[in-house]
Amino acid sequence: MLSLTRNIIDKHNNTHAEFEYYKTVIEKIEENVFSNPDISIESSKTLIEGISKTILRRLDITFTQKKVDSMDFPPLFKEACWCLGKTIPIEHEFINQSSNMINTLANLRNKRGDISHGKTSPKPESSTKESARMIMHIADSIVHYMLDHFYRIDLSHQDEMLYEDHPEFNEFLDEYNPIDGLSYSRALFDQDEVSYEEQLRDFIDEKDLEDE
């Protein structure tokens with residue numbers, strides 16, 4: 001089963017609770033590996049894709065939700081690996097070999113996936129439980145490798161966020177959270193920078209959608 005991924009997520013849950021969400025996907029992979037191989041394979045693709053999106057969003061604020069959602073699976077995975085490699089050295093051979101598997105997984109999901117793309121019944125092609133089990137273990141290794149690199153990144157050493165860099169967002173916060181004689185946005189930035197950054201990401205996402 002996906003013991004490598006499950007264990008590393010548990011180990012770092014106190015500092016990176018956002019990855020706890022993917023345990024639901026892990027369970028879906030494991031539950032279906034023998035009974036519904038194509039659902040397990042599709043869920044393996046979902047796990048790698050979701051982890052890649054979260055890594056990009058955590059490491060680079062310019063990757064809005066709209067941007068990562070619009071990216072195809074193979075280039076999304078590569079971009080996440082390159083983003084990891086900017087801080088923690090990552091083997092090019094891992095990216096190259098894993099990318100080959102990602103392309104295969106994407107094709108399998110498109111041809112045989114039961115969830116995202118409706119299929120006629122009976123399906124012209126179905127995967128075996130042996131294939132699903134192999135892909136499950138490969139996904140476990142790939143995701144563990146990515147998370148191991150991500151967890152070793154000291155995010156406090158990223159470029160310092162400056163309050164003055166986001167005047168439009170600050171004005172938005174102050175307008176919707178008026179406080180007599182005080183700036184809500186300044187107080188939030190000074191007292192809870194994590195919450196400030198999370199709301200800034202949401203604000204950027206909303207602006208991105210409005211500009212469509």
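In which sense, right-handed or left-handed, does α5 pass α6 in their crossing? I will begin there and then move outward, keeping in mind throughout that this is a predicted model.

The answer is that α5 passes α6 in a right-handed crossing. The two helices pack with their axes 9 Å apart and at an angle of about 160 degrees, and because angles over 145 degrees count as roughly antiparallel, α5 is roughly antiparallel to α6. If you follow the contact residue by residue, α5 contributes Phe-73, Pro-74, Phe-77, Lys-78, Cys-81 and Trp-82, and these meet a set in α6 that includes His-92, Phe-94, Ile-95, Ser-98 and Ser-99, as well as Ile-102, Asn-103, Leu-105 and Ala-106. Sorted by class, the residues of this contact between α5 and α6 are 10 nonpolar, four polar and one charged.

Between these two helices there is a loop, and Glu-91 lies in it. Glu-91 has a relative accessibility of 46%, and so it counts as partly exposed. Once residues up to four places away in sequence are set aside, Glu-91 touches Tyr-145 and His-149. Its C-alpha is 9.5 Å from that of Cys-81, a residue 10 places away from Glu-91 in sequence.

Now to the interior. The largest nonpolar core has 48 residues, and those with the most contacts inside it are Phe-19, Leu-47, Ile-48, Phe-94 and Met-146. At least two residues of this core come from each of α1, α2, α3, α5, α6 and α7, and the helix that gives the most is α7, with 11 residues. Apart from this core lies another, of nine residues, with Met-161, Leu-173, Phe-189 and Tyr-196 among them.

Phe-94 deserves a moment of its own, since we have met it both in the contact of α5 with α6 and in the largest core. Which residues is Phe-94 in contact with, leaving aside its neighbours within four places in sequence? They are Phe-77, Cys-81, Ser-99, Ile-142, Tyr-145 and Met-146.

A second helix pair to look at is α1 and α7, whose axes are 8 Å apart and whose packing angle is about 25 degrees. Because that angle falls under 35 degrees, α1 and α7 are roughly parallel to each other, and their crossing is left-handed. On the α1 side the contact is made by Ser-3, Leu-4, Thr-5, Ile-8 and Ile-9, while α7 supplies Asp-140, Ser-141, Val-143, His-144, Leu-147, Asp-148 and Tyr-151. By class, the residues in the contact of α1 with α7 divide into six nonpolar, four polar and two charged.

Helix α2, residues 23-32, can be read from its buried side, where we find Lys-23, Val-25, Ile-26, Ile-29, Glu-30 and Asn-32. Among the elements that cover these buried residues of α2 are α1, α3 and α7.

Finally, let me turn to helix α10, residues 193-210, where Asp-205 is found. Is Asp-205 buried or exposed? With a relative accessible area of 10%, which is under the 20% limit for a buried residue, Asp-205 is buried. Not counting neighbours within four places in sequence, Asp-205 is in contact with Arg-57, Thr-64 and Gln-65.

Key. Residues numbered from 1 in each chain as written. Predicted model: local features only at pLDDT ≥ 70, side-chain atom pairs only at ≥ 80, totals over all residues. Heavy atoms only, no water. Buried < 20%, exposed > 50% of the residue type's maximum accessible area, 1.4 Å probe, protein only. Helix = DSSP H or I, 4+ residues; strand = E, 2+ residues; numbered from the N terminus. Contact = heavy atoms within 4.5 Å. Core = buried A, V, L, I, M, F, W, Y, C linked by side-chain atoms within 4.5 Å. Axes fitted to C-alpha atoms, helices over the stretch in contact; angles between N-to-C directions. Parallel < 35°, antiparallel > 145°, perpendicular 65-115°, else oblique. Left-handed = near helix turned anticlockwise from the far one by under 90°. Nonpolar A, V, L, I, M, F, W, Y, C, P; charged D, E, K, R; others polar.
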